[in-house]
Every structure is written in structure tokens, then in C-alpha cells.
Amino acid sequence: MSPAKRLRTRMAETGLVQIMAAHSPLSAILAEEAGFDGLWASGFELAALYGLADMSLISMTQHLDMLRAIAGRTTLPIVADIDTGYGNAINVIHTIGEYERAGASAVVIEDKTFPKVTSLVAGGRQELTRIEEFQGKIEAAIATRRSADFLIIARTEALIAGLGETEALHRARAYVEAGADMILIHSKKKDPSEIESFSRAWTGSAPLVVVPNAYPDLDAKRVKALRNVRMMIYGNYGIRTAATCMQQTFRRIIADGGVQNVHKDILPVEEIFRLQGIEATRAAEARFLR
Ligand code: SPV
Ligand code: MG
């Protein structure tokens, strides 16, 4: 069964899939071992990995290269964050072909203008495309996918742009009309009230996707109670976790004047060897090196 088919099956079986952000193959391996249903090839995480703002500075090629590397080291389905689709509907045709070939099982395309500005930053310049234009991009994505299992998820940034629930619902309905399989509704409010209200008001046929980055109190149990949300994406938790650990450890090494203390609190190198697949390479050495 293809990863895209597995993602759809898992969603149908469990009612809610939990998807962890990955910015590297190592973070993807750790997410798979922890038990997540899939991976989020996050634009924010990859931009942060490069030390850059999430403002369309990372190229499609850079993102695709990382996605391919991730797909090569995990069996989990990958939900690709393609931002605005890298341009207009013509760019979307090219983008969908590239991401499906690279091993993605789903894409999320958002209704912002290119270049986009990251969603959660205070005072961010949030400009949305015209509804008809975005419908054309969704239709282009649907017409381009080779497998019917490949999910096209339309993301509306209406709440992020401060346009309110009525506009968000209007846009979401228009995107479903254009063929979107799911709707990602995003909010930067510190509590989940906007998302819960949207979900209650949503009567559309497509299920919802939520990203509880700004409103961490919305846990899986509460999401399940909303009934029409089928996917939960932990959108920036990979890079924040990695940065937290590196920041603390690096500062301690300077403060302690060496690694005599920190080494006890970080993974031993043998565990990294395991994550690198050392066993398989050793077996190959024994078999093939003469
Ligand atoms: C990402 O992880 O790149 C996202 C989620 O799009 S957020 O950064 O919260 O907009
Ligand atoms: Mg993003």
C-alpha cells in the first residue's frame, strides 16, 4: 500500500491522525519511532534550520531536496507544506508533479500571496489571493495529481489575516467547491476559541486539519470532540525541541568550561549510531567487503 493510501486508511480507521513536523531525516526517524502517523515537511522548520525567516526565502528545490532525504529514511506518509505553491496555477502544476514524484502523500497549499509572510509573527503582513485565483490553483493541483490518494489540502489564512470567521467559512466552501480534499484552518489566537467556533460552524463535506501551534491547549482529546477534524499537525515542535536542547547544552558547555557535565544528559553516541542504521551497514560490510 502506498504511503498516501496508508494515510487515508489511518485517518478513516482512527478518526484523527497526528502528524509531527520534521526538518531533517533524523527528526523524521525520531518522530516515526515515537509513534506519529505521519510527518509534516514544514516550511517554517526548514527555514529555521537555515537560520532564515519563513518568508518564501527557501526555494522549492531546497524544500524538495529535504523532503526526498526524509522520504528515503522513513516509511511514514509525508504531508508537504508547499506554502503558496510557489507562484500561480501554472507554478502549482509543476509543484504538484515534483512533490508527488519526490514521495509526498499530501500537500497543503495556502491562500496567501507570494512571497508569503510566516503566519504567527505579530504584526505580520498577511495578504490573501482572490478566491477565484486560489480556486484555479486547487483545480490545477487536482488535475495534476497522478494518484487519487494524494491529498490536496487547502489552507485558508482568513483568520490569520484578521478577516473573521464568515470570510474563512466562505473561502473554505469555495475551496471545497474547487475540489480540495480537506481544509486547513489556521489561527494565531493564543486560545483555541476561533478554531473551535469555526469547526462548529463548518458544515462542508471536507474534513478539517488543525495546527495547534499558537493554542497548545487544544489537545487530541479536545480535537476529537470537534468531530470534523481528521488531522492534527504539530507544526513547529520539531525545531523548537531541537533548538531548546542545543541552546541549553551549548550554554552549559561554555559555563562549565567543558563537556564533563552535559554528556550525561544527552544521547550517547551509540544511540546516534543506531539511528544512523549502523547495524545494516555492518551487516553489508560482512557480506560484501572482501
Ligand atoms: C509550518 O510549519 O511551516 C506552518 C505552520 O505552516 S505555522 O508556522 O504555524 O504557520
Ligand atoms: Mg508553513
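In which helix is Ile142 placed? In this predicted model, the residue belongs to helix α6, which covers residues 131–144. Ile142 has a relative accessible area of 22% and is therefore classed as partly exposed, since the buried class requires a value under 20%. Apart from neighbours within four places in sequence, the contacts of Ile142 are with Ile152, Ala178 and Gly179. Ala34, by contrast, is 108 residues away from Ile142 along the chain, and 32 Å separate the C-alpha atoms of the two residues.

The overall architecture was examined next. The chain contains 12 helices and 8 strands. Its radius of gyration is 20 Å, in agreement with the value near 19 Å that would apply to a compact globule of 290 residues. The C-alpha trace extends over about 60 × 45 × 35 Å along the principal axes. Of the 290 residues, 48% are buried. When contacts between residues at least 6 apart in sequence are considered, 69% of them link residues at least 24 apart.

The surface and the charged side chains were also characterised. About 14000 Å² of the chain is exposed, and 56% of this area is supplied by carbon and sulfur atoms. Positive side chains number 34 and negative side chains number 34. The centres of these two sets are 2 Å apart.

Two domains are assigned: domain 1 comprises residues 3–237, and domain 2 comprises residues 243–288. Their centres, calculated over C-alpha atoms, are separated by 32 Å. Contact between the domains involves 5 residues of domain 1 and 4 residues of domain 2.

Within helix α1, which runs over residues 3–14, lies Lys5. This lysine is partly exposed, because its relative accessible area of 37% lies between the 20% limit for buried residues and the 50% limit for exposed ones. Although Lys5 and Phe150 are 145 residues apart along the chain, their C-alpha atoms are separated by 7.8 Å.

Several features of the backbone geometry were then considered. Most residues other than glycine have a negative phi, and most peptide bonds are trans. A cis peptide bond is present between Phe114 and Pro115, with omega at about -5°. Pro115 is located in the loop that connects β4 (106–110) to α6, and α6 is also the helix that holds Ile142.

Positive phi values in residues other than glycine were found at Tyr86, where phi is near 65°, and at Arg227, where phi is near 75°. Tyr86 is situated in the loop between β3 (78–81) and α5 (89–102). With a relative accessible area of 18%, Tyr86 is counted as buried because this value falls under 20%. Arg227 occupies the loop between α9 (220–225) and β8 (229–234). The relative accessibility of Arg227 is 67%, which is over 50%, so this residue is classed as exposed. The two positive-phi residues thus differ in burial: Tyr86 is buried, whereas Arg227 is exposed.

How values were computed. Residues numbered from 1 in each chain as written. Chains lettered and ligands numbered in written order. Predicted model: local features only at pLDDT ≥ 70, side-chain atom pairs only at ≥ 80, totals over all residues. Heavy atoms only, no water. Helix = DSSP H or I, 4+ residues; strand = E, 2+ residues; numbered from the N terminus. Rg over C-alpha atoms; globule rule 2.2 N^0.38 Å. Buried < 20%, exposed > 50% of the residue type's maximum accessible area, 1.4 Å probe, protein only. Contact = heavy atoms within 4.5 Å. Areas by Shrake-Rupley, 256 points an atom, 1.4 Å probe, with all protein chains shown as cover. Lys, Arg positive; Asp, Glu negative; His and termini not counted. Charge placed at Lys NZ, Arg CZ, Asp CG, Glu CD. Domains from an automatic or database assignment.
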